[in-house]
Amino acid sequence: MNTNTFLQNRFILSELVKKGIKLKYRRSYLGIIWSLLEPLLTMIILTIVFGTLMGVKDKAFPVYILAGRLLYSCFSQSTTAALKSIRQNASMIKKIYVPKLLYPFSGILFNFIIFLISLIVLAAVAIVLGVYPSIYLPLAIVPLFILLLLSTGCGLILSTIGVFFRDMEYLWNVFLMMIMYTCAIFYKPERLLKSGWGFVLKVNPLYCIIMNFRDCIFGRPMELPYLFYAFIFSVVSVVLGILMFKKNEDKFILNI
């Protein structure tokens, strides 16, 4: 789908995004407020459990956990939504023509919007715990943009595979667990990085994004080699995802 086609269908995309947000919270009394409450409760639990287990005394540890958790959840929920998007919209795909690329992208986009809203919680917790804005904070937009690229690329690849291989939904849940444990969400990575297993973190582009986002939050300069690696990985995944999707989209209707 070229830029002109995308612009012509921006209304459909916006409606799909609105539909996704409504469906996500349609049985919730709190609605979108839950996107603020859920990460806060998760942060409290993870801080109590892992802060106690590892004996962390840093009062800003909850900010460290929350920053990692929010970015991981965005990636997890965005890619999972994209993976299921074609099958979930099978009835619409069979009835009317809409560029199929809009379905996985809308799933990624509405989860990213919810993620941006949830950053309000991170800002509030950071201020309460004494982590104040620095000159590096505006640079946080860079790892967030790369996160969107990575989610889009992986989401498009998964949405294509998911049409032909239904078990991918279950396998992806397993992969997400592996990704989570190699993102250093609830532990400090220094000891692992200095060991022979440091490569487990370094090859994970999501960890590189989270690490640089945390640097911006805590007033430190970003690690540019890690950021560059994550950017290249994300761009390659987007290109590969678009190529895979466009090559196979005409076969979707025969397999949904």
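A residue is called buried when its relative accessible area is under 20%, exposed when that area is over 50%, and partly exposed in between (1.4 Å probe, protein chains only). This is a predicted model, in which local features need pLDDT of at least 70, side-chain atom pairs count only at pLDDT 80 or more, and totals for chains, interfaces and linings use all residues. Residues are numbered from 1 along each chain as its sequence is written, and side-chain values use heavy atoms, with hydrogens and water left out.

**Exercise 1. Cysteines**

Task: Find how many disulfides the protein has, and explain the result for Cys 74 and Cys 208.

Solution:
- Step 1. A disulfide is a pair of cysteine sulfur atoms within 2.5 Å.
- Step 2. For Cys 74, the closest cysteine sulfur is that of Cys 154, and the distance of 12 Å is too far for a bond.
- Step 3. For Cys 208, the closest cysteine sulfur belongs to Cys 183; at 9.2 Å it is too far for a bond.
- Step 4. The count by this rule is zero disulfides.
- Step 5. Cys 74 has a relative accessible area of 3%, so Cys 74 is buried. Cys 208 has 0%, so Cys 208 is buried.

**Exercise 2. Overall fold and size**

Task: Describe the secondary structure of the protein, and check its radius of gyration against the value for a compact globule.

Solution:
- Step 1. Helices (H or I, at least four residues) and strands (E, at least two) are DSSP runs, numbered from the N terminus.
- Step 2. The protein has twelve helices and zero strands. Along the sequence the pattern reads α-α-α-α-α-α-α-α-α-α-α-α.
- Step 3. The radius of gyration is taken over C-alpha atoms, and the globule rule is 2.2 Å times the number of residues to the power 0.38.
- Step 4. For 256 residues, a compact globule would have a radius near 18 Å; the protein has 19 Å, which agrees.
- Step 5. Along the principal axes, the C-alpha atoms fill a box of roughly 60 × 45 × 35 Å.

**Exercise 3. Burial, contacts and surface**

Task: State what share of the residues is buried, what share of the contacts joins residues 24 or more positions apart, and how much of the surface belongs to carbon and sulfur.

Solution:
- Step 1. Of the 256 residues, 48% are buried.
- Step 2. Contact means heavy atoms within 4.5 Å. Among contacts with a separation of 6 or more, 78% are between residues 24 or more positions apart.
- Step 3. Accessible areas come from the Shrake-Rupley method with a 1.4 Å probe; for residues, only the protein chains shown count as cover. The accessible surface is about 13500 Å², and carbon and sulfur atoms hold 69% of it.

**Exercise 4. Two buried helix residues**

Task: Place Asn 111 and Pro 39 in their helices and list what each touches.

Solution:
- Step 1. Asn 111 is in helix H6 (residues 102–128). Its relative accessibility is 3%, so Asn 111 counts as buried.
- Step 2. Leaving out residues up to four places away in sequence, Asn 111 touches Lys 24, Cys 74, Gln 77, Ser 78 and Ala 81. Cys 74 was met in Exercise 1, where its relative accessible area was 3%.
- Step 3. Pro 39 is in helix H3 (residues 34–54) and counts as buried at 4% relative accessibility.
- Step 4. With residues up to four places away again left out, Pro 39 touches Trp 34, Leu 66, Leu 70 and Ser 118. Pro 39 and Ser 118 are 79 residues apart along the chain, and their C-alpha atoms are separated by 7.6 Å.

**Exercise 5. Residues with greater access**

Task: Classify Ile 141, Glu 169 and Val 235 as buried, partly exposed or exposed.

Solution:
- Step 1. Ile 141 belongs to helix H7 (residues 141–164). Its relative accessibility is 60%, so Ile 141 is exposed.
- Step 2. Glu 169, in helix H8, has a relative accessible area of 25% and is partly exposed. Apart from neighbours within four places in sequence, Glu 169 is in contact with Leu 83 and Lys 84.
- Step 3. Val 235, in helix H12 (residues 224–248), is partly exposed at 31%.

**Exercise 6. A backbone angle**

Task: Find where Ala 184 lies and state the sign of its phi.

Solution:
- Step 1. Ala 184 is in the loop between helix H8 (168–181) and helix H9 (190–194).
- Step 2. Most residues other than glycine have a negative phi.
- Step 3. Ala 184 is not a glycine, yet its phi is positive, about 50°.
- Step 4. The relative accessible area of Ala 184 is 0%, so Ala 184 is buried.
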